Amino acid sequence: MEEEDPSASNVITNSNSSSQRNLSPSMNTPVVSLESRINRLINANQSQSPSRSIYSDRFIPSRSGSNFALFDLSPSPSKDGKEDGAGSYATLLRAAMFGPETPEKRDITGFSSSRNIFRFKTETHRSLNSFSPFGVDDSPGVCQSPVKAPRKVPRSPYKVLDAPALQDDFYLNLVDWSAQNVLAVGLGNCVYLWNACSSKVTKLCDLGAEDSVCSVGWALRGTHLAVGTSTGKVQIWDASRCKRTRTMEGHRLRVGALAWGSSVLSSGSRDKSILQRDIRCQEDHVSKLTGHKSEVCGLKWSYDNRELASGGNDNRLFVWNQHSTQPVLKYSEHTAAVKAIAWSPHVHGLLASGGGTADRCIRFWNTTTNTHLSSIDTCSQVCNLAWSKNVNELVSTHGYSQNQIIVWKYPTMSKIATLTGHTYRVLYLAVSPDGQTIVTGAGDETLRFWNVFPSPKSQNTDSEIGSSFFGRTTIR
């Protein structure tokens with residue numbers, strides 16, 4: 001016995017009921033129930049009437065008729081025989097908006113439940129990535145807050161200078177850049193000056209065959225240059241006249257580190273001492289700082305000229321004040337020589353230091369509170385550190401074993417760029433007066449110029465020695 005067509009009985013019933021209500025002829029059109037319409041839409045491909053087209057004023061989606069394979073979606077089981085289309089859409093929307101840790105809808109005691117309110121929970125019991133056909137991070141149509149594009153740092157130097165006889169010695173400091181935009185480089189027993197504006201090279205001095213240059217350091221105004229020698233002397237030169245104005249003694253061994261304060265020149269030596277020199281006085285030095293047990297290879301005055309940081313081959317980092325002859329702060333966390341030292345120009349008392357091959361770490365200190373803030377392993381010998389004065393970033397140069405240059409974002413210490421090119425340890429580093437360019441030197445006898453930092457916010461012009469000066473020349 002064939003089953004009766006339920007739609008036919010509905011039509012007959014509705015038709016009879018309309019006749020019994022004495023409706024006008026124009027309103028005697030049979031009324032088809034909603035269920036009948038849905039069934040006809042679902043089975044339209046299987047049983048279409050050849051003589052009559054079915055029209056509808058609404059589209060009611062059916063899960064059974066949806067092509068979930070196209071989106072890698074599997075229909076959830078029906079609840080009481082009813083399809084939960086809105087719930088599936090809400091799940092997909094939550095997955096696209098919130099990622100893997102998607103908030104779930106939950107009824108909360110004391111509150112009426114609402115299917116339109118997202119309830120958060122601390123743990124997700126099922127993976128929701130499978131619900132998103134596009135993935136969590138790149139779902140189209142989902143408005144995400146704009147992410148600032150990372151700053152692009154050129155991966156190649158814009159200028160290379162050949163620097164014959166540039167020594168491959170970790171404990172020396174042979175490159176410095178003045179406020180007058182002049183680069184000083186110690187090559188063997190001579191010091192050369194390279195004018196960054198004109199590219200003119202000048203030979204400043206020749207120490208003779210019995211002596212050699214171990215360190216150079218510009219005074220703050222950039223008019224006078226201090227030169228530390230292998231015989232323990234410190235010479236002061238007037239760069240504009242290429243004339244030596246003074247020679248100061250006091251060290252017994254080579255002077256590998258120099259640092260200028262407001263009126264004091266500090267010199268560090270292999271004899272383990274630091275001499276404070278006031279060039280306004282006749283004496284060669286006004287005080288002697290003792291504390292290191294090995295060669296002093298790193299020296300830096302803070303920006304307010306109140307604190308002096310020193311690093312030595314004894315793996316120690318010391319901080320001195322203007323009047324102390326003993327260190328006021330001592331740090332012994334490094335496990336190798338501390339040559340790389342840099343004070344932050346942005347935060348008072350923030351000091352960065354880097355360790356040698358056996359350490360490889362950059363550490364940060366707050367000298368105001370005497371606390372060790374953080375540390376990061378760079379996986380390579382740290383030779384130099386320098387902060388940007390324009391943005392809160394710093395650059396480090398490295399030796400064994402990768403010879404790389406890294407630009408860091410502080411305080412996250414995320415890498416902005418890693419630059420390579422030197423074939424020897426990058427032992428020397430200096431920053432241009434505009435704060436945008438660095439120069440690096442290595443035992444491969446080259447000086448390389450890199451644009452690594454942005455310009456100050458108040459300036460829109462490029463550096464005076466921009467990339468248009470690309471080329472390779474010699475410094476002598």
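Here is a chat between a visitor and a guide about a predicted model.

Visitor: Let's start with the aromatics. How many aromatic pairs does the count come to?
Guide: A pair of aromatic rings is described by the distance of the centres and the angle of the planes. For the distance, the centres have to lie within 6.5 Å. By this rule, the number of aromatic pairs is 9.

Visitor: Take Trp-177 and Phe-449: is that pair stacked or edge-to-face?
Guide: The ring centres of Trp-177 and Phe-449 are 5.8 Å apart, and the planes stand at 90 degrees. Planes over 60 degrees apart fall in the edge-to-face class. So the pair of Trp-177 and Phe-449 is edge-to-face.

Visitor: How many residues apart are Trp-177 and Phe-449?
Guide: Trp-177 belongs to strand 2 (residues 175–177), while Phe-449 belongs to strand 28 (residues 446–451). Their pairing links distant parts of the chain, with a separation of 272 residues.

Visitor: Is Trp-177 buried or exposed?
Guide: The cut-off for buried is under 20% relative accessible area. Phe-449, its ring partner, is at 0% and so counts as buried. Trp-177 has a relative accessibility of 6%, so this residue also counts as buried.

Visitor: And what about Trp-194 with Phe-449: stacked or tilted?
Guide: Here the centres of the Trp-194 and Phe-449 rings are 5.0 Å apart, with the planes at 45 degrees. Stacked needs under 30 degrees and edge-to-face over 60, with the rest in between. That is why the pair of Trp-194 and Phe-449 is called tilted.

Visitor: Which strand holds Trp-194?
Guide: Trp-194 and Phe-449 are both buried. Their pair links distant parts of the chain, 255 residues apart, with Phe-449 in strand 28. Trp-194 itself lies in residues 190–195, which is strand 4.

Visitor: Which residues do ring pairs link into a cluster with Phe-449?
Guide: Phe-449 pairs with Trp-177 and also with Trp-194. The cluster linked by ring pairs takes in Phe-449 along with Trp-177, Trp-194 and Tyr-158.

Visitor: Moving on to a charge over a ring: which residue lies over the face of Phe-170?
Guide: The cut-off for the distance to the ring centre is within 6 Å. At 5.6 Å from the ring centre of Phe-170, the residue over the face is Lys-339.

Visitor: There's an open sheet in the order 18-19-20-21; which strands stand at its edges?
Guide: The sheet has 4 strands with antiparallel pairing. An edge strand has a single partner, so one side of it is left without a neighbour in the sheet. That describes strand 18 (338–343) and strand 21 (371–377).

Visitor: What does the twist average from one strand to the next in that sheet?
Guide: The order of the strands is 18-19-20-21. Going from one strand to the next, the twist averages 20 degrees.

Visitor: Which residue is the bridge partner of Arg-363 in strand 21?
Guide: Strand 20 (residues 361–366) runs antiparallel to strand 21, and 6 bridges join the two. In strand 21, the partner of Arg-363 is Ser-375.

Visitor: Now the loops. Is Ser-388 buried or exposed?
Guide: Ser-388 sits in the loop between strand 22 (382–387) and strand 23 (393–398). Leaving out residues up to four places away in sequence, Ser-388 touches several residues, including Pro-345, His-346 and Phe-453. Its relative accessibility is 0%, so Ser-388 counts as buried.

Visitor: Which residues does Gly-291 touch, not counting residues up to four places away in sequence?
Guide: Gly-291 is in the loop between strand 13 (287–289) and strand 14 (296–301). At 26% relative accessibility, this glycine counts as partly exposed. Its contacts beyond those sequence neighbours are Phe-318 and Trp-320.

Visitor: Backbone next: where is the cis peptide bond that has omega near 5 degrees?
Guide: Most residues other than glycine have a negative phi, and most peptide bonds are trans. The bond from Tyr-410 to Pro-411 is cis, but with omega near 10 degrees. The cis bond with omega near 5 degrees runs from Tyr-400 to Ser-401.

Visitor: What is phi of Asn-305?
Guide: Asn-305 is in the loop between strand 14 and strand 15 (307–312). With a relative accessible area of 18%, Asn-305 is buried. Its phi is positive, in a residue other than glycine, and is near 60 degrees.

Note on methods:
Residues are numbered from 1 along each chain as its sequence is written. This is a predicted model: local features need pLDDT of at least 70, side-chain atom pairs count only at pLDDT 80 or more; totals for chains, interfaces and linings use all residues. Side-chain values use heavy atoms; hydrogens and water are left out. Buried means under 20% relative accessible area, exposed over 50%, partly exposed in between (1.4 Å probe, protein chains only). Contact means heavy atoms within 4.5 Å. Rings of Phe, Tyr and Trp (its six-membered ring) pair if their centres lie within 6.5 Å; planes under 30 degrees apart count as stacked, over 60 as edge-to-face and the rest as tilted. A charge sits over a ring if NZ of Lys or CZ of Arg is within 6 Å of the ring centre and within 35 degrees of the ring normal. Two strands pair if DSSP finds at least two bridges between them. Axes are lines fitted to C-alpha atoms, for helices over the stretch in contact, and angles run from 0 to 180 degrees between N-to-C directions.
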